[in-house]
Amino acid sequence: MVCIHYLCANLKELRKRIMIDPIIKTIDLGDGRTITLETGKLAKQADGSVVLRMGSTMMLATVCAAKNAVPGTDFMPLQVEYKEKFSAFGRFPGGFTKREGRTSDYEILTCRLVDRVLRPLFPDDYHAEVFVNILLFSTDGKDLPDALAGLAASAALAVSDIPFNGPISEVRVARVEGEFIINPTADQLEKADMDIMVGATYENIMMVEGEFDEVSEADMLDAIKVAHEAIKQQCIAQKELSELVGKTVKRTYSHEENDEELRQDVKAKCYDKVYAIAKSGMGKHERSEAFEAIVEEYKTQYTEEELTEKAPLIAKYYHDVEKEAMRRCILDEGIRLDGRKTTEIRPIWSEVDCLAGPHGASIFTRGETQSLSTVTLGTKLDEKIVDDVICHDKARFLLHYNFPPFSTGEARPQRGVGRREVGHGNLAHRALKRMIPENYPYVIRIVSDILESNGSSSMATVCAGTLALMDAGVAIRKPVSGIAMGLISENKGQNFAVLSDILGDEDHLGDMDFKVTGTKDGITATQMDIKVDGLSYEILEKALNQAKEGRMHILGKILETMPEPRADLKAHAPRIEVIIIPKDFIGAVIGPGGKIIQGMQEETGTVITIEEIDGYGRVEVSANNKTSIDAALAKIKGIVTIPEVGEVYEGKVRSIMPYGAFVEFLPGKDGLLHISEIDWKRLETVESADIKEGDIIEVKLIDIDPKTGKFKLSRKVLLPRPPRENRD
């Protein structure tokens, strides 16, 4: 008996050790919805793990960091992964394996949203590998998980001992009927004219990305402010969670060995030379070679043995010299690396109709950035099937962006599509998609191949895409242009310069990369990454207004090349006609086993697709010539036409019988032309009337049997009636 009590006591103690009560923090969104952050129950061996719940949505975020940095690492080796389980939505994955496989574009874009906010907030001297994993385990498709992933990841960092200058959070803001909504549902988002994702700390905006239906700069700024207020509450909740867990003190580390004497020597001997080149206005490659020559000259004072130890530090300190010289040039003298003023746009040239094969093509070149974009028009059969966990749909407007290494002069192979290509292509897609005409019959694919790059190839893609669409004869609502803005600031924004149309080096060495696209009437998309603290709304407003001026200038250059879309498609483009038919006739058009629709396609040389939409049948007929389309449409209209007694039809003799002929007077509808209805005179045989199979004759529908639905035709009533004495 004593042994049993002892065993029970030990089991209770063991259970306490295993089943630690979780720590939970609740965030009230103010509209009846809440977000809960829970730690201490799942994935306890990770450095930090948090379960986030909102309604039926549940995701687990974990973070693990190496104890030490890999020797020689001088950057932040952060890896963010976001994965959705198909079981989260009660679905099986597609494909033969029925298992989650390659990361979807949606998952990649969500990874990028989180990465871009977290990365700048790790300490500059922290170089240990950090892995953030976010797994979606449950969803009902109403609350969109991409707006919650950043909060979950930051909360996992908050309950860990990993050094991080957060917390951060991300929220989506939508404007529906003039009202801003934080983290809207999927249904609300469909009605919104603004969909913007904002990432921020309690103090500062760090990231903005979204799409708009031609909104003003002031409206966009208001949306950012609304988002930031919601983010502040979520940051407070994370700090409180961190205190409850007891992880306010972070781990110590030493990932850098510096030589201050060497740092000062590099600056003293190189700064003036670098500054002179920075303000010389050289081209990209000439400037790069000049900068490299300076550091190579500096290295000559050391032996090969000394350089083995000092070379990495020299490279690091020289990079800092380049950065400071470029920034001082701009802040003190208003001179940029290529000699432009802060508001000046690089020279632009463009052309259209530059390729014979595609249905539309253009080249857009701005400075040393160049995009060759093509448009291909297709039919319903070319639609992209989207089979993500939540989204199961078809896409009719596609934009693919390619960034080959030769565009920057790099000698390396191109290994498939990376996250950068997916992200840049998505931004250009969002910029243009609202300009595609509603219910446009064609599936559209834009491909942007970047041939040169020195600053914002995604914005060049938007401009080239606009021109290629117009060259293809797509009647877009309005042309769209895009521009990338930069920022150089110091003293927490007390002294700053906003740069229009930034170079690659100005992006790399500057404090902001802010891309804005739009029409003459408003913004259609944006993407902003901030690399410093202290970006005020005053600076944001100035950047937006300066971006508008730049967009209008670039738009003017686009319109000089092509002021409006072509009036018609090019001769080799497919032609598509769409007709709507009653739902009841869909089966008749398709026929048993597809016999009717396949026969029409074979006879007319067309491609015919049909689908049910809103209780009607949408029939799409495509071919390379109008004659074929007209022939197919005539057949379809014949099928869906309800035969009327008294109407005259042109029919084809299908078969000859002793008692008459069967005539197909409408597609799929045969009627009996009795021998007595062929001619006014008496006929012994049908053949004596010179009628044979395959003949096209005119007939009149004279009766429909109410019981059988059979059709009775007459040919003689269409012939002149002879005198009675001549009828025999």
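The axes of α2 and helix α9 (residues 419-432) come within 10 Å and cross at roughly 90°. That makes α2 roughly perpendicular to α9, a label that covers angles of 65 to 115 degrees, with under 35 counted as roughly parallel, over 145 as roughly antiparallel and the rest as oblique. On the α2 side the contact (heavy atoms within 4.5 Å) involves Asp105, Ile108, Leu109, Cys111 and Arg112, and α9 brings Arg419, Arg420, Val422, Gly423, His424 and Asn426. Axes here are lines fitted to C-alpha atoms, for helices over the stretch in contact, and angles between N-to-C directions run from 0 to 180 degrees. Helices (H or I, at least four residues) and strands (E, at least two) are DSSP runs, numbered from the N terminus.

All of this comes from a predicted model, in which local features need pLDDT of at least 70 and side-chain atom pairs count only at pLDDT 80 or more, while totals for chains, interfaces and linings use all residues. Residues are numbered from 1 along each chain as its sequence is written, and side-chain values use heavy atoms, with hydrogens and water left out.

Helix α2 (residues 105-118) also lies across β5 and β6 (130-138), at about 145° to β5. Those two strands belong to an open sheet of six, ordered β1-β2-β3-β4-β6-β5 with mixed pairing; strands pair if DSSP finds at least two bridges between them. At the edges sit β1 (23-28) and β5 (78-84), each paired on one side only. Ignoring direction, neighbouring strands are turned by 15° against each other on average. Inside the sheet, β2 (residues 34-39) and β3 (residues 48-54) run antiparallel and are joined by three bridges, and Glu38 has Val51 of β3 as its bridge partner. Helix α3 (residues 149-158) lies across β1, β2, β3, β4 (57-65), β5 and β6, running at about 40° to β4.

A second open sheet has three strands, in the order β22-β24-β23, with antiparallel pairing. Its edges are β22 (575-582) and β23 (607-613); each has a single partner strand, so one side of each lacks a neighbour in the sheet. The average turn between neighbouring strands, direction ignored, is 20° here. Eight bridges tie β22 to β24 (residues 616-623), with Val578 opposite Glu620 of β24. Packed on this sheet is helix α15 (residues 626-640), which touches β22, β23 and β24 and makes about 155° with the direction of β24.

Now for the interior. The largest nonpolar core (buried Ala, Val, Leu, Ile, Met, Phe, Trp, Tyr and Cys residues joined through side-chain atoms within 4.5 Å) has 105 residues, and Ile196, Met220, Phe364, Ile444 and Phe514 have the most contacts inside it. Helix α8 (residues 304-333) gives the most to this core, with 10 residues. Apart from it lies another core, of 46 residues, including Tyr126, Ala155, Leu157 and Val159. Leaving out residues up to four places away in sequence, Ile444 touches Val375, Thr376, Leu377, Arg396, Phe397, Leu398, Ile436, Leu469 and Val474.

Helix α10 (residues 457-471) is largely enclosed by the rest of the structure, because 15 of its 15 residues are buried, that is, under 20% relative accessible area, against over 50% for exposed and in between for partly exposed (1.4 Å probe, protein chains only). Just after α10, Gly473 has a positive phi of about 85°. By contrast, Glu541 in helix α12 (residues 537-561) is partly exposed, at 44% relative accessible area.
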